[in-house]
Amino acid sequence: MSPRWITKASGEREEFSANKLRMSLKSAGAPSALTEEIIAHVESELGDDVKTSDIYHHAFTLLRRHRPPVAARYSLRQAIMQLGPSGFPFERFVGEILKAQGYSVKVGGILPGYCVEHEVDILAEKGDKHIFVECKFHNSHGIKSDVKVALYVKARFDDITKAHEARAEKEGRSPRVHEGWLMTNTKLTSQAIDYGTCAGLTLIGWNYPQKGNLQDLILNTGVHPLTCLSTLPSNSKNHLLQNNVVLCRDVERNQNILREHGMTENEIKNVLDEAGELCLPVQD
């Protein structure tokens, strides 16, 4: 049987892999029988040179029909892109993931560098560890964070660290452990990964590293963006985001915002039921 080709969001072409689809469905929590049924459906309707977005929408429709919470998890990547366009909801979302891992977190702040001041997306602390996190948000799957982004983050981190070490030396104390992180909702280029690894930056992308990537962090902590909720209309999602509600687990305490937006009690109940089932860590 001749190979079938798909076109990725970046424009690249690659051979269709049923196993890749299987792994993404499994990561979302789809049962094995339903996973194989979806793969069979996709393969039977797969034409020549289809887009990855077509495969996603086909699989999502079938999941939503049979298992809405699994469909919501499967749509995670798309849901995060709906947090834009400013990128600030993404920063808040990443901050909540770090809180779930035991960090104390401050989103947004100005830190003095050795040469200039720097606006930092997230400051996170746990024990002796002091982390500066730069969040790079993209609203398209085809856009990657490249080596220029990694160089920019490293230069800012070095300037902040140099200022901290100078203050610590002046005050006669040992400097704290500092780390610079770059977190993005899309992929990283191979050059960015090579540079970050060599320069000592922690890089976290949608599927990088193999363990502990952004998708893993979301599924393992149960911290989901409200944009995952399939029972919540798009205009209601935007209304909540504008009112600084970012997480699906926070929808319950903000029911009045939904009522004021015109949703009925039955519609709100459906949203709360889905949120209650979705906002749990996926069990291996």
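## Helix H10 and its two sides

Let's start just past the end of helix H10, where asparagine 244 adopts a positive phi of about 65°. This is a predicted model, so please read everything below in that light.

Within H10 itself, the buried residues are Ser236, Lys237, Leu240 and Leu241. They line one face of the helix, because their directions fall within an arc of 140° when seen down the axis. A helix turns once every 3.6 residues, so positions three or four places apart point the same way. On the other side of H10, Ser234 and Gln242 are exposed. The cover over the buried residues of H10 includes H6 and H11.

## Cysteine 248 in its loop

Following the chain onward, cysteine 248 sits in the loop between helix H10 (234-242) and helix H11 (255-260). Is this cysteine buried or exposed? Its relative accessible area is 1%, so cysteine 248 counts as buried.

Apart from neighbours within four places in sequence, cysteine 248 touches His224, Pro225, Leu226, Leu229, Ala275, Leu278 and Cys279. If you would like a sense of scale, its C-alpha is 30 Å from that of glutamate 179, a residue 69 places away along the chain.

## Helix H12

Two of the contacts of cysteine 248 are Ala275 and Leu278, and both are among the buried residues of H12, together with Ile268, Val271 and Glu274. These buried residues cover an arc of only 125° around the axis, so they lie on the same side of H12. Helix H4 (68-74) and H11 are included in what covers them.

H12 spans residues 265-278, which makes 14 residues, and its first and last C-alpha atoms are 20 Å apart, close to the 20 Å expected at 1.5 Å a residue.

## Two nonpolar cores

The largest nonpolar core holds 46 residues, and those with the most contacts inside it are Ile80, Phe90, Phe93, Leu98, Leu214, Leu226 and Leu229. Helix H6 (residues 88-100) gives the largest share of this core, with five residues. A second, separate core has 22 residues, including Ala18, Ala30, Leu46 and Tyr56.

Which residues does leucine 214 contact, leaving aside neighbours within four places in sequence? They are Ile80, Phe90, Ile97, Met183, Thr184, Asn185, Ile204, Gly205 and Trp206.

## Aromatic pairs

There are five aromatic pairs in the structure. In one, the rings of phenylalanine 90 and phenylalanine 137 have centres 5.7 Å apart and planes at 45°, so the pair is tilted. Phenylalanine 90 belongs to helix H6, while phenylalanine 137 is in the loop between strand E6 (129-136) and helix H7 (147-170), so this pair ties together parts that are 47 residues apart in sequence. Phenylalanine 90 is buried at 1% relative accessible area, and phenylalanine 137 is buried at 15%.

Tyrosine 103 and tryptophan 181 make an edge-to-face pair, with 6.3 Å between centres and 80° between planes. Tyrosine 103 is in the loop between H6 and strand E4 (104-112) and tryptophan 181 is in strand E7 (residues 177-184), so the pair ties together parts 78 residues apart in sequence. Tyrosine 103 is buried, at 8% relative accessibility, and so is tryptophan 181, at 9%. Elsewhere, ring pairs join Tyr56, Phe60 and Tyr74 into a cluster.

## A three-stranded sheet

Finally, three strands form an open, mixed sheet in the order E2-E1-E3. Strands E2 (13-15) and E3 (50-51) each have a single partner strand, so one side of each has no neighbour in the sheet. Strand E1 (residues 5-7) runs parallel to E3, joined by two bridges, and threonine 7 has lysine 51 in E3 as its bridge partner.

Technical notes: Residues are numbered from 1 along each chain as its sequence is written. This is a predicted model: local features need pLDDT of at least 70, side-chain atom pairs count only at pLDDT 80 or more; totals for chains, interfaces and linings use all residues. Side-chain values use heavy atoms; hydrogens and water are left out. A nonpolar core is a set of buried Ala, Val, Leu, Ile, Met, Phe, Trp, Tyr and Cys residues joined through side-chain atoms within 4.5 Å. Buried means under 20% relative accessible area, exposed over 50%, partly exposed in between (1.4 Å probe, protein chains only). Helices (H or I, at least four residues) and strands (E, at least two) are DSSP runs, numbered from the N terminus. Contact means heavy atoms within 4.5 Å. The expected span of a helix is 1.5 Å times one less than its number of residues. The arc is that of the directions from the helix axis to the C-beta atoms. Two strands pair if DSSP finds at least two bridges between them. Rings of Phe, Tyr and Trp (its six-membered ring) pair if their centres lie within 6.5 Å; planes under 30 degrees apart count as stacked, over 60 as edge-to-face and the rest as tilted.
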